[in-house]
Structures are given as structure tokens and as C-alpha cells.
Amino acid sequence: MATVQDEIPGLVFHTVRQPEGSAPSIQAQFESFHQLNPWVLRALEALTVDYLKHGASRVGIGMLFEVLRWRYVTATEGDEFRLNNNFRSRYVRLLIERHPDWARAFEVRSLRTD
């Protein structure tokens with residue numbers, strides 16, 4: 001009978017500890033990150049322009065994040081996760097705020113937390 005491997009070889013788990021007291025909201029974390037890394041929004045804008053220019057009518061913020069991760073592995077400051085997935089919803093809202101004509105290209109869901 002075959003054995004089942006429950007763990008992924010080489011996988012390392014990192015425990016994220018919140019400081020004592022109340023943790024900053026996702027929005028506060030995002031604002032701090034965005035202030036330290038204004039290039040991220042510009043890069044997301046450039047990727048969106050390029051993607052839509054090539055005929056796409058829909059674009060996913062997740063795909064854009066993965067492209068940025070691929071291109072700029074360690075270029076961000078201020079967050080252990082480099083491009084924190086918690087910030088995707090904030091960035092897509094900024095993109096639509098700055099480019100209202102992109103509202104149909106992105107799917108936006110209601111925020112579950114501030």
C-alpha cells in the first residue's frame with residue numbers, strides 16, 4: 001500500500017505574531033504600505049493598461065499581483081509578505097478610483113473588514 005505524504009517537502013511555516021494590544025486595521029496597514037511603496041500602484045496601472053490594450057475586457061487583481069511578485073521579488077518595504085494579499089481589494093479600489101473607466105474590467109466585492 002502506498003504511503004501518504006502529509007507534508008510538502010521543503011515547506012517552512014512562519015508564525016506571524018501580533019504585537020500586544022490592538023492590531024492595526026487592514027486599511028491602516030495598507031495605507032502604511034502604500035506610502036512606503038507608491039511604485040506598486042503605478043506598476044499595477046501599467047500592467048492593467050498593457051493587458052487591456054491587448055484586447056482583454058476583464059482583468060483580475062490576483063493575476064496582476066502575481067506578475068508583480070514574479071518581476072519584483074524583493075522590491076517592497078514595510079510588510080513581511082512583500083505584496084500582502086490583504087491589500088488586493090484596496091489596490092483594485094484605488095485603480096478604479098483613478099481610472100473609473102476600468103470599473104467594468106475588475107470585479108469588486110464588498111469589504112469584510114476595514
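What share of the 114 residues in the protein is buried? In this predicted model, buried residues account for 27% of them. Keep that figure in mind as we walk through the fold.

Let's start with the overall layout. The protein has four helices and zero strands, and reading along the sequence gives the pattern α-α-α-α. The chain also brings distant parts of itself together: if you take the contacts between residues at least 6 apart in sequence, 63% of them join residues at least 24 apart. For one concrete pair, look at Gln-27 and Asn-86, which sit 59 residues apart along the chain, yet have C-alpha atoms separated by 9.2 Å. Gln-27 belongs to helix α1. Is Gln-27 buried or exposed? Neither, quite: its relative accessible area is 26%, so it counts as partly exposed.

Now for the inside. The largest nonpolar core contains 23 residues, and the ones touching the most other members are Leu-44, Ile-61, Tyr-91 and Phe-106. Helices α1 (26-36), α2, α3 and α4 each give two or more residues to this core. Tyr-91 is a nice one to click on. Setting aside neighbours within four places in sequence, Tyr-91 is in contact with a list of residues that includes Phe-30, Phe-33, Val-40, Leu-44, Ile-61 and Phe-65. Also among its contacts are His-34 and Asn-37.

Helix α3 deserves a visit of its own. Spanning residues 61-71, α3 has Ile-61, Gly-62, Leu-64, Phe-65 and Leu-68 as its buried residues. Why do these line one face of the helix? Look down the axis of α3 and the buried residues fall within an arc of 160°, so they end up along one face. Turn to the face pointing away from that buried side and you'll find the exposed residues Trp-70 and Arg-71. As for what covers the buried residues of α3, the cover includes α2 (38-53) and α4 (88-98).

Finally, see how α2 and α3 meet. Their axes come within 10 Å and cross at roughly 115°, and the crossing is right-handed. On the α2 side, the residues involved are Trp-39, Val-40, Ala-43, Leu-44, Leu-47, Thr-48 and Tyr-51. They meet Ile-61, Met-63, Leu-64, Phe-65, Val-67, Leu-68 and Arg-71 in α3. Sort the residues of this contact by type and you get 12 nonpolar, one polar and one charged. Some names here should look familiar: Leu-44 and Ile-61, for instance, were also among the core residues touching the most other members.

Definitions and conventions
Residues are numbered from 1 along each chain as its sequence is written. This is a predicted model: local features need pLDDT of at least 70, side-chain atom pairs count only at pLDDT 80 or more; totals for chains, interfaces and linings use all residues. Side-chain values use heavy atoms; hydrogens and water are left out. Buried means under 20% relative accessible area, exposed over 50%, partly exposed in between (1.4 Å probe, protein chains only). The arc is that of the directions from the helix axis to the C-beta atoms. Contact means heavy atoms within 4.5 Å. A nonpolar core is a set of buried Ala, Val, Leu, Ile, Met, Phe, Trp, Tyr and Cys residues joined through side-chain atoms within 4.5 Å. Axes are lines fitted to C-alpha atoms, for helices over the stretch in contact, and angles run from 0 to 180 degrees between N-to-C directions. A crossing is left-handed if the near helix is turned anticlockwise from the far one by less than a right angle, and right-handed if clockwise. Ala, Val, Leu, Ile, Met, Phe, Trp, Tyr, Cys and Pro count as nonpolar, Asp, Glu, Lys and Arg as charged, and the others, Gly among them, as polar.
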